[in-house]
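Take a moment to look over the model below. We will walk through it one part at a time.

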Amino acid sequence: MPANFVSATDLIRFLPETILTIMGTVLMVLTPILNRRSSRVFGDLSLVGLAAALAGAIYAYSQPGPAFGGMLVVDGFATFFRVLVLVVGILTVLPSYRFLFRQDAETGEYHALLLFSIAGQCLMAASNDLIMVFIGLEISSIASYVLAGYLRDDKRANEASLKYFLLGSFATAFFLYGVALIYGSTGSINLTAVRAAISGQNAPSPMFIGLAAALMFVGLGFKVSAAPFQMWAPDVYQGAPTPVAAFLSAGPKAAAFAVLLRIFMTAFEPIGSGWEPVVWVSALLSMTIGNFAALLQSNVKRMLAYSSIAHAGYVLVAVTARSEIGTAAAMFYLAAYAFMNIGAFAAVSHLSGKGERYLSIDDFAGLGQKQPLTAAMLTIFMLSLIGVPLTGGFFGKFYIFKAALESHLVWLTVLGLLNSVVAAFYYLRILVMMYMHEPGDATSEAEPLSPGLRAALILPAVGTLFLGIFPAWVLDFAGRSSTLVK
Amino acid sequence: MSLLTVVLIGPLVGFLAALLIPRSLPQYSRAWALVISLTTFVDSLVLVGRFDRGQGGEQLGLDLQWITSPDIHFAISVNGVSLWLVLLSTFLTPLCVLISWHSIQNRVKEFYAFLLLLEFGLIGVFLAQDLFLFYVFWEVSLVPMYFLIGIWGHERRIYAAVKFFLYTMAGSVLMLTAIIYLYNRALTFSYPAILEMLTSGRLVFTAEEQILLFLAFFVAFAVKVPLFPLHTWLPDAHVEAPTAGSIMLASVMLKMGTYGILHFCLPLFPTASRNCAPWIAVLAIIGIIYGALVSMVQPNLKKLVAYSSVSHLGFVVLGIFSFTQIGLDGAVYQMLNHGISTGALFAFVGLLYERRHSLAIADYGGVATAAPWLSTAFLITTLASIGLPMLNNFVGEFLVLQGTAMANFTWAVWASLGVILSACYMLWMYQRVFYGEAGHEVRSHVFDLKLREWAVVIPLVAMMVWMGIYSQSFLAPVGKVTARVLEQTEVNVPFRVALPTHVEAANAR
């Protein structure tokens, strides 16, 4: 089959990205045409686009297989992550209505950028080729750099955007160096071909491959905010508009983990014993640094940023396990994490008020009395982040550490679980504030829940509980999809 | 639906329905909690009736698949020990509802909802036969108690609640590691199946594995018991908790730990249990004496009762690790006794607090003249707590000491020191609170029992007397279970080291 041949099946397999790009472009075009009074339409259109892409992703899975000469591959793994980032997108748009209205910043470009970023992440999830990974990474990143600085008049947002852009570019460069080394030494960029070249007769020097793998890990480690490449996360999450911070903590992270898993579990699987210690250390560092730093935070967004570093560490534990069960556990965990974290950010976004004034943990005081529903939903998210049974977060941790123990990573398991006790402390602080203190300014002034926010709180809460009580559905699918094409 | 499910699910349904009651109708929340908890109590009485006392194994089991991969089951059943612990939980919950009737005025709906959720978690812990399910209930019971302490507690409630949560969680993550490790070796979470594999020799742990797994489980349980030196969360949690919280915590939650040791640690890791027994016994004895000595100097009523719990629970652990039939029977009986008598002490201290709004012993004195009936009930409970014959604690302590003496006479001598000390601190406390000249505050504020309070006092006192006089009605099914546990600790001991000869002798009897 010639490489430039494009069949109808290829286009179907490429459906979600196509829909998102078209919808994003339409939004850009509509921005100057539509009156700003009807700005709700932007949000509606972007929801329609995301829903259509979701349907497209599921339809694409009805015809699984490689597309565009093996550059993309639509398998269960790709579909899982496509659906995940699309759901993340929907859950980001829902609270954005109210947020953008409050900041007086409703435009089409916000939604267009969001759609482009998600298109990039869908591409990452499905790519089976290092150049495709790179392109997806760039599409996703460039849009999210702009999104982080979307509130142009906010100094913190500008700082966040600039920092994210500079460090992100460095990281992408590292990744690209790795790709170049692989291409130079194996003559291929297709993951399956790279794997064959590494494990074959004329394998290139292990030093080259090891260096390439290390460089790629640096690049992807940055994207998933794993220690020691986590420095940017707290500043960016704190500065970025809250719905964007929510999005950054779930969408790009999930997509980057998809890429990380696919590259390291297919192309670099033959040198697994080489990279395992590196990921081991990174996992432990991420959990420990994230959790201990989060203990000291008084700003909720910063605390959630450090918590997101720690959660990246938990997923890296699953990567360290180097098994299909580990891959499935990582997939499940990312889904659970997306729900609970986006939900938590939605509650923060609801409470922050105009100009994001109320972001201190103390501002949650008395929320349980003033807005029982918001408080109850946030309680579910916090308990899930702690890892209390009957929530998705618990099962995620359970599966991850089960996979780790099966791979005889006893110490990492013990240290990881003890880490989750440390984590319990700072999540509990929010519960303490909400239920055990008298209402303060923030909770007294909080406006009633808008329909979008209500949905953005209830849907993830339902998802979190569903994953906690009936995990089998998602886990079975993850388990079946964790066998990657090699 | 099986009877066991009804007992277990009743409080959960009650909890969910309680969430729907409007906040503006607190009276309905109270009434609903009372109805549900009484219904559950009646259900558990039916359960006692259906229970076959002649048989020692697990009964009335139910096994439904919950999650396919890994294979996790909703497996519950009841045995001669868990039967009484379930009954203890269902017996105390309505009393907790009654005792909080007036003292909880703030966020009433949530309070009763959490109380019912707590009951659900506690019953589940005692019934679960799947290790995973056990862990789920273990953690689920933690959350409502955290809120009960943190929202409705006294001044330092937040500190106490967080400390309680973190201590328990630190212990239980180690247990989770061990549970997953067991699963990876046995490929099942089913507790009976794992036991069967161990006895048939299809699953063998090396000595090192066994000791580490034992410790992982044991530390989780020891935190809950609490065994010295892991007890420091307990005085804080007990003192700060509202009365109902203290009662449930002391009477039932602590038993989760001792039940866990008896039900899981001993049969799963017999060699390690026996090897560690001397160390644990010494810690238990330190706990007995230390708890008693600290109680003696407490100026705070609730703290005194809390430290006395450390002391009493030391007896339970000592009895278990005596590895004698009598010691184990005594330990189980002491679990129930402590549940009744310490629950009663906390309830009565709560009644005093409602009247005088102080927990300092120095603020009382002469209560006996102001409230003779309350004083009488308190006296009976005090006497029960110090182990007066014909009252419940005597039977348990006697059996534990006898069993311990058979295993190691020195241990028994030291432990009996705790009995003497308990008489000192309890009677001294009673004297300072109830006798002497009634001050103005006491005379004007402390009144005698009201009808609702009688409804709390009478069942508790009646149980103390019944359990003291006719212990056989409870001990018969217990003995069947403890005999089986002892038998299980005998088999499958490939790495068993030589035991001290007197232990062998005692077991041979």
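Two strands count as paired when DSSP finds at least two bridges between them. Keep that in mind for chain B of this predicted model. Here a hairpin joins β1(B) to β2(B), using four residues to do so. Strand β1 covers residues 59–67 of chain B, and its pairing with β2(B) is antiparallel, over six bridges. One bridge links I67(B) to its partner I72(B) in β2(B). Strand β2, residues 72–78 of chain B, is mostly covered. Five of its seven residues are buried.

Next, find helix α9, residues 207–224 of chain B. How far should its 18 residues span? At 1.5 Å a residue, the expected span is 26 Å. The end C-alpha atoms lie 26 Å apart, so the model agrees. Many of its residues are named as buried, among them Q210(B), L212(B), F217(B), F221(B) and K224(B). What do the buried residues of α9(B) pack against? Their partners are α7 (157–186), α11 (243–268) and α12 (270–296) of chain B.

F217(B) leads us on to the largest nonpolar core, where it is listed with the residues that have the most contacts inside. That core has 407 residues. Also on the list are L84(A), A254(A), F332(A), Y333(A) and L334(A). Helix α14, residues 324–352 of chain A, gives the most to this core, with 21 residues. Now pick out A254(A). Leaving aside neighbours within four places in sequence, A254(A) touches F81(A), L84(A), V85(A), V88(A), L334(A) and A338(A). In general, nonpolar side chains in soluble globular proteins tend to be buried together.

Turn to the place where the chains meet. There, 25 residues of chain A are in contact with 24 residues of chain B. Which elements of chain A give two or more residues to this side? They are α17 (392–406), α18 (410–436) and α21 (472–481). The largest share, twelve residues, comes from α18(A). By class, this side of chain A has 19 nonpolar, three polar and three charged residues.

One last stop is C424(B), in helix α18 (residues 409–434) of chain B. Is C424(B) buried, exposed or partly exposed? A buried residue needs 20 or more other C-beta atoms within 10 Å, and an exposed one has 12 or fewer. C424(B) has 14, so C424(B) is partly exposed. Compare its place with that of V349(B). The two are 75 residues apart in sequence and 18 Å apart in space, C-alpha to C-alpha.

Definitions and conventions. Residues are numbered from 1 along each chain as its sequence is written. Chains are lettered from A and ligands numbered from 1 in the order in which they are written. This is a predicted model: local features need pLDDT of at least 70, side-chain atom pairs count only at pLDDT 80 or more; totals for chains, interfaces and linings use all residues. A nonpolar core is a set of buried Ala, Val, Leu, Ile, Met, Phe, Trp, Tyr and Cys residues joined through C-beta atoms within 7 Å. Two residues are in contact if their C-beta atoms, placed from the backbone, lie within 7 Å. Ala, Val, Leu, Ile, Met, Phe, Trp, Tyr, Cys and Pro count as nonpolar, Asp, Glu, Lys and Arg as charged, and the others, Gly among them, as polar. The expected span of a helix is 1.5 Å times one less than its number of residues.
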